[in-house]
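I opened the notebook to record what I looked up in this structure, entry by entry.

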Amino acid sequence: MPEFVWEARTRTGEVRKGSMEADNEATVQARLRAQQLNPGKVKKEGFDLSALALIGALGQGVDKVIIALALGFVARPTRIMRGVVLSAKENMYVDAAKAMGATHIRIMFVHILPNVFAPWLILASAGLGNAILAEASLSFLGLGIPPPTASWGRMLSGAASRYIQ
């Protein structure tokens, strides 16, 4: 289910921003109205055509595909992980470590990092499937990885050309 970023106004004129998963933009607007908010901007979050434009400008190559996909998929996981780290930082064991005189580096690696690893692993594994599909889409269009390297999109493109004939 795609994630939508929204901006809405309350009856007092206060601007609120957030994000939610929904099937389409109309569902987001209906949920905002149910919360007595006046919906403003609603934008679908996720991979857009920026990778296509970047590959078109840079040309083909494995390194260029990796850069384009990384730039396209980095915003949402970064935002989520920032929230997870800020939440983990507020736990009592971090305060106890500070009280015992632990350095910032020790707190970060011993107390915070192990607690944010599980959400990061989930985001990475979920994003991997999306990255594979995005690379296959670029290769299907002929903008992905060059021919000696196997690519799912190029294989599908070759099969599609046989069926069109």
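**Surface and burial.** I began with the accessible area of the protein, which comes to about 11,300 Å² exposed, with carbon and sulfur atoms supplying 62% of it. I then looked up burial, and noted that buried residues make up 22% of the 165 residues in the protein. I keep in mind throughout that this is a predicted model.

**Confidence.** I checked the pLDDT next, and found an average of 77 for the protein, with 78% of the residues scoring at least 70. Going through the elements, I noted that strand E3, residues 38-45, has the lowest mean pLDDT, at 58, whereas helix H5, residues 92-99, has the highest, at 90.

**Elements and contacts.** I counted seven helices and three strands in the protein, and reading along the sequence I wrote down the order β-β-α-β-α-α-α-α-α-α. For contacts between residues at least 6 apart in sequence, I noted that 47% join residues at least 24 apart.

**Second largest pocket.** Which residues line the second largest pocket? I listed Val65, Ile66, Leu69, Ala70, Phe73, Ala131, Ile132, Glu135 and Ile145. The elements that give two or more residues to this lining are helix H3 (62-73) and helix H6 (104-140), and the largest share, five residues, comes from H3. Sorting the lining of the second largest pocket by class, I got eight nonpolar residues, no polar ones and one charged. For the volume of the second largest pocket I entered about 150 Å³.

**Val74.** I moved on to Val74, which I found in the loop between H3 and helix H4 (75-89). Is Val74 buried, exposed or partly exposed? Its relative accessible area is 44%, and because the partly exposed class runs between 20% and 50%, I entered Val74 as partly exposed. I also looked up a pair across the sequence: Val74 and Gly127 are 53 residues apart in sequence, and their C-alpha atoms are 9.5 Å apart in space.

**Glu14.** My last entry is on Glu14, whose place is in the loop between strand E1 (3-9) and strand E2 (15-21). With a relative accessibility of 42%, Glu14 also counts as partly exposed. Leaving out residues up to four places away in sequence, I noted that Glu14 touches Ala8 and Arg9.

How values were computed:
Residues numbered from 1 in each chain as written. Predicted model: local features only at pLDDT ≥ 70, side-chain atom pairs only at ≥ 80, totals over all residues. Heavy atoms only, no water. 1 Å grid on protein atoms, 1.4 Å probe; cavity = no way out; pocket = protein on both sides within 12 Å on 5 of 7 lines; lining within 4 Å. Points joined across faces, edges and corners; volume = space filled by probe spheres on them. Helix = DSSP H or I, 4+ residues; strand = E, 2+ residues; numbered from the N terminus. Nonpolar A, V, L, I, M, F, W, Y, C, P; charged D, E, K, R; others polar. Buried < 20%, exposed > 50% of the residue type's maximum accessible area, 1.4 Å probe, protein only. Contact = heavy atoms within 4.5 Å. Areas by Shrake-Rupley, 256 points an atom, 1.4 Å probe, with all protein chains shown as cover. pLDDT = per-residue confidence, 0-100.
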